[in-house]
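Let's take a stroll through a protein fold together. Have the sequence and the 3D view open as you read.

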Amino acid sequence: MATPFRQSLRRVRSSSTSESTISPSTHKHITIASLAKSPAPSTTLKTIPYWQHIWRNVDQSEFLTYRWQTRNTVDRPEKLLDFLKTVVPERIPDAVKSAKEDGRLITREAFLEDVYNGMAKAPMSVRLTPHVLSVINWQEPLQDPVLRQFLPLKSRILPDHPELTLDSLHEEGDSPIPGLVHRYPDKVLFLATSVCPVYCRFCTRSYAVGADTESVTKHSLKPARRRWDAMFEYIEQNPAIQDVVVSGGDSYYLDPTHLTRIGHRLLGIPHIKRFRFATKGLAVCPMRMTDPNDAWVNAFVEVSDRGREMGKEVAMHTHFNHPNEITWATEMAARTLFQRGVRVRNQTVLLRGVNDTIPMMAELIRKLSDLMIQPYYVYLGDMVKGVEDLRTSLATALHIEQNLIGGIAGFNMPKFVVDLPGGGGKRPITSFETYDTKAGVSTWTAPAVAGDKVFQYHDPVKRD
Ligand code: SF4
């Protein structure tokens, strides 16, 4: 009897695909890391079409449009399997080691089955932009640090630590209005939407973001005017609030008119002194920042300029996790924002097998600094369900931070923090009260947020 995976694969095989535009998977992969070593990236890298090992007939003018990116975004399981069939070679190196090291190979069908079964267990649905798909090394997908962030593989998923939950930061409990988290005395989190340009496996907001999955029904937050109005009214009535994070979901998925509406309304509240739009867009679809036919960046800059005139800061907070995510298209986008006066900060999540080494984190920080993106935070992975294999221990974070300090200019050195499970807010990783490394349990307090309440962070069961 055919398994659900095999039935699905048959559908994939018989479905009409856009294969005419997708090149054979045997095409040599261009490594972005090697491109980034170029001494003059803005002039030399611009000529390298880093997507054409997949979409060989798509030229630069097309690839750099936001419209093409959204049209070719892979956003359904069937579409993903369809895509993988065209880019993954018939045999790929297995596990962590490369084929050169141990010579073990697995078949493409086994890999697809692993993805299919992983999606059935994952709390997050799948959505990947062409930019992200282009920087993944499909010749060795099981070793790729970008793929690891987005594609769940059944063979890699570890049983959850018993303390993992879907809403580990207790956001719903700290929301006086649905979608408005009020934890810190002077700051609120304004969840404008629950849609993103990509879906990360380790998302803090697994309870709300993205489409329902087989294992999770989301408490979705639609970009609805009535819901936003109730959130604005709450902010207006609470003069202690000076600072707003507009997130979701992702501000990239807000219509430009929505961006303007939210920005102007917040600027018009006298006690709001600063706010930022959180978006992973710069990392996963930088084209929207440079596309002259798309109004998003102009809307953002207009709000930022207006804020500056009023003496209020409007910033962008983005989310890069690995140097391979950065291409010349990213550089163009970051430069556009810098030249137009937008302050950009980055928040990285420390992820096992992605960026949990000193050299990798140092390279990421340096590249972001070169893009005039301030490396702001590195988060210890949140204790959310389904991502035990991606979490690192507190000890790993302490070790990396300890070894980076001094080697990076102080103003570019990100703060390593843990966002306390249960809603204590962000704390520097060095500020734990106790840390039993054997048991993998640390205790914390957050006096300004939660009095003398004690919070616990649990390392993953399988530690480094
Ligand atoms: S972009 Fe941000 S909000 Fe969206 S899935 Fe990733 S981590 Fe979650």
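What follows goes from the whole chain to two helix pairs and then to a few single residues.

**The whole chain**

First, keep in mind that this is a predicted model. The protein has 464 residues, and 56% of them are buried. Its secondary structure adds up to 19 helices and 14 strands. How much of the contact count comes from residues 24 or more positions apart? Taking the contacts with a separation of 6 or more, such pairs account for 77%.

**Helix 6 and its partner**

Helix 6 covers residues 77–87, and it's mostly covered, with 8 of its 11 residues buried. If you want to pick them out, the buried ones are Leu 80, Leu 81, Asp 82, Phe 83, Leu 84, Lys 85, Thr 86 and Val 87.

Now look for helix 8, residues 108–121: its axis and that of helix 6 come within 11 Å and cross at roughly 160°. Because an angle over 145 degrees counts as roughly antiparallel, helix 6 is roughly antiparallel to helix 8. Their crossing is right-handed. On the helix 6 side, the residues that meet helix 8 are Pro 77, Leu 80, Leu 81, Leu 84 and Lys 85. Helix 8 brings Arg 108, Phe 111, Leu 112, Val 115, Tyr 116 and Met 119. Sorted by class, that contact has 9 nonpolar residues, 2 charged ones and no polar ones.

**Helix 17 and helix 18**

Further along the chain there's another pair. Helix 17 (residues 358–370) packs against helix 18 (residues 394–404) at an angle of about 60°, and their axes are 10 Å apart. Are they parallel or oblique to each other? They're oblique, because 60° falls outside the ranges for roughly parallel, roughly perpendicular and roughly antiparallel. This crossing is right-handed. Ile 358, Met 361, Ala 362 and Ile 365 make the contact from helix 17, while His 399, Ile 400, Asn 403 and Leu 404 do so from helix 18. By class, 6 of these residues are nonpolar, 2 are polar and none is charged.

**Some buried residues**

Here are four residues to find in the view, with their relative accessible areas.

| Residue | Relative accessible area | Buried or exposed |
|---|---|---|
| Gln 149 | 0% | buried |
| Cys 200 | 9% | buried |
| Cys 196 | 10% | buried |
| Ile 157 | 18% | buried |

Why does Ile 157 still count as buried? Its relative accessible area is 18%, and the cut-off is under 20%, so it makes the list.

Where does Gln 149 sit? You'll find it in helix 10, residues 147–150. Leaving out neighbours within four places in sequence, Gln 149 is in contact with Cys 200, Arg 201, Phe 202, Lys 280, Asn 321, His 322, Glu 325, Leu 351 and Val 354.

Ile 157 lies in the loop between helix 10 and strand 3 (180–181). Not counting residues up to four places away in sequence, Ile 157 touches Gly 118, Lys 121, Pro 152, Arg 201 and Asp 389. Take Lys 121: it's 36 residues from Ile 157 in sequence, yet their C-alpha atoms are 8.7 Å apart in space. Arg 201 is worth a click too, as it touches Ile 157 and is also in contact with Gln 149.

And how many disulfides are there? The count comes to 0.

Terms used. Residues numbered from 1 in each chain as written. Predicted model: local features only at pLDDT ≥ 70, side-chain atom pairs only at ≥ 80, totals over all residues. Heavy atoms only, no water. Disulfide = S-S within 2.5 Å. Buried < 20%, exposed > 50% of the residue type's maximum accessible area, 1.4 Å probe, protein only. Helix = DSSP H or I, 4+ residues; strand = E, 2+ residues; numbered from the N terminus. Axes fitted to C-alpha atoms, helices over the stretch in contact; angles between N-to-C directions. Parallel < 35°, antiparallel > 145°, perpendicular 65-115°, else oblique. Left-handed = near helix turned anticlockwise from the far one by under 90°. Contact = heavy atoms within 4.5 Å. Nonpolar A, V, L, I, M, F, W, Y, C, P; charged D, E, K, R; others polar.
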